[in-house]
Amino acid sequence: MITNRCNLSCSYCVLENSSAQKKLELSLEEKKEMISHLYHKMKFRRLTLSGGEVSIIGKKPPRDFIELLNYIRQFRSDSPQENLEIEIYTNGIYINNEVVQAMSGVVDMVAMTIDSKSSNILNEIGRKYKGIEDYYSHIVHLSKNLTDNNIIFKLHSVISQKNHLTLPQEVKQIVENITNYNGKISCWKFFQYMSYDSPEKDNIHAISSDNFEMFTKKTRDILNGYNIKLHFKTNQEMNASLFNILSYGNAQYMRSSDTWSTSQRTKDLRTYNSMEELFANHDINEKLFREFHEIIR
Ligand code: SF4
């Protein structure tokens, strides 16, 4: 999570973006140092860059983000053992042609969130931006641009009270809109809204496991035969897989007994010389970590 800044304010977001937290954010040079450290010392071969909004770093976004992408190019390789795979999560607002060109050859996959095709629901959630009249169409257009540049396009949806009944009726049309626009969806990941221990947010968004299961069944049936990899991520999977490198350099993880507010923090990852050292100093469940994050070739 390279920054806590964002230009949207989705009502289900957990973003911790007080000015005190923003001040702790690593500078561009420190972000580069972190990536180099993760690659050389900790032997990372896959990174997901997210935020906040990943493209909003530095004074004139997306300039520093483009510089970061150019820096990452050195970790790309034809050899799978040496290559650093890069996935980006973005809300798409600043993703213009220049950014897509900078991503080309550096970024394997870009994920964008569509919770609904209805402007009313998107506006209600907070997925709206003053410069963009129709957020849904903006993402549909970007899907083509990314596909044309050989970047794998992935969809995300947060499943909450706002859309768990309506989204199954829309998924077919979303796929068709994107396909008609010559975009290609490789994978669609549906996240069960996760509680951040905020009763106000939970009242508006939380859905039961039964409702998520019903959503899963319906959506799976409707999208059957579309050649899209589907992933339905329950709260249990979210907690077990959580390993977020925060914008100030330490990582957040959860033990099985933790909720969001008791989640654990490591020190700045640049202070560990190997994953072994990290595991030795924290009660991270190594077996689960490997299950979710290790690359098996
Ligand atoms: S776009 Fe993402 S980071 Fe920004 S407010 Fe929405 S959920 Fe949060």
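This passage walks through one helix, several salt bridges, two asparagine side chains and the surroundings of the ligand in a predicted model.

A good place to begin is helix α6, which covers residues 135–148. With 14 residues at 1.5 Å a residue, the helix should span 20 Å, and its end C-alpha atoms are indeed 20 Å apart, so expectation and model agree. At the start of α6, the side chain of D134 places an oxygen within 3.2 Å of the backbone nitrogen of Y136. Just after the helix, N150 adopts a positive phi of about 60 degrees. Between these two points, the buried residues of α6 are Y135, Y136, H138, I139, V140, L142, S143, N145 and L146. The cover over these buried residues includes two strands, β3 (109–113) and β4 (152–159), along with the helices α4 (97–103), α5 (119–125) and α7 (167–180).

Strand β4 also takes part in the charged pairs, to which the description now turns. The model holds 18 salt bridges by the rule applied here. One of them joins the side chains of E87 and K154, with N and O 2.7 Å apart. Because E87 belongs to strand β2 (residues 85–89) and K154 to strand β4, this pair ties together parts of the chain that are 67 residues apart in sequence. Both E87 and K154 are buried.

The pair formed by K287 and E291 makes a useful companion case. Here the side chains meet in a salt bridge with an N to O distance of 3.8 Å. Both residues lie in helix α12 (residues 286–293), where they are four residues apart, about one turn of the helix. K287 and E291 are each exposed. Elsewhere, E29, K32 and E67 are joined into one network by salt bridges that share partners.

A further salt bridge links D64 with R63, and its closest N and O atoms are 3.9 Å apart. The two partners can be placed by their accessibility. D64 has a relative accessibility of 15%, so this residue counts as buried, whereas R63, with a relative accessible area of 49%, is partly exposed.

Two asparagine side chains offer a closer look at polar contacts with the backbone. N83 sits in the loop between α3 (63–72) and β2. Its relative accessible area is 12%, which means that N83 is buried, as the cut-off for that class is 20%. A polar atom of the N83 side chain lies 2.9 Å from the backbone nitrogen of S77. Leaving aside residues up to four places away in sequence, N83 touches R45, F75, R76 and S77.

The second asparagine, N235, is part of helix α10 (residues 235–241). In this case a polar atom of the side chain lies 3.1 Å from a backbone oxygen, that of Y193. With residues up to four places away in sequence again set aside, the residues touched by N235 are Q192, Y193 and M194.

Finally, the ligand can be described by the residues around it. These are C6, L8, S9, C10, Y12, C13, G52, N91 and R127. By class, the shell around the ligand divides into five nonpolar residues, three polar residues and one charged residue.

Definitions and conventions:
Residues numbered from 1 in each chain as written. Predicted model: local features only at pLDDT ≥ 70, side-chain atom pairs only at ≥ 80, totals over all residues. Heavy atoms only, no water. Expected span 1.5 Å × (residues − 1). Buried < 20%, exposed > 50% of the residue type's maximum accessible area, 1.4 Å probe, protein only. Contact = heavy atoms within 4.5 Å. Polar contact = N/O pair within 3.5 Å; in protein donor to acceptor, adjacent residues only side chain to side chain. Salt bridge = Lys/Arg side-chain N within 4 Å of Asp/Glu carboxyl O. Near = heavy atom within 4 Å. Nonpolar A, V, L, I, M, F, W, Y, C, P; charged D, E, K, R; others polar.
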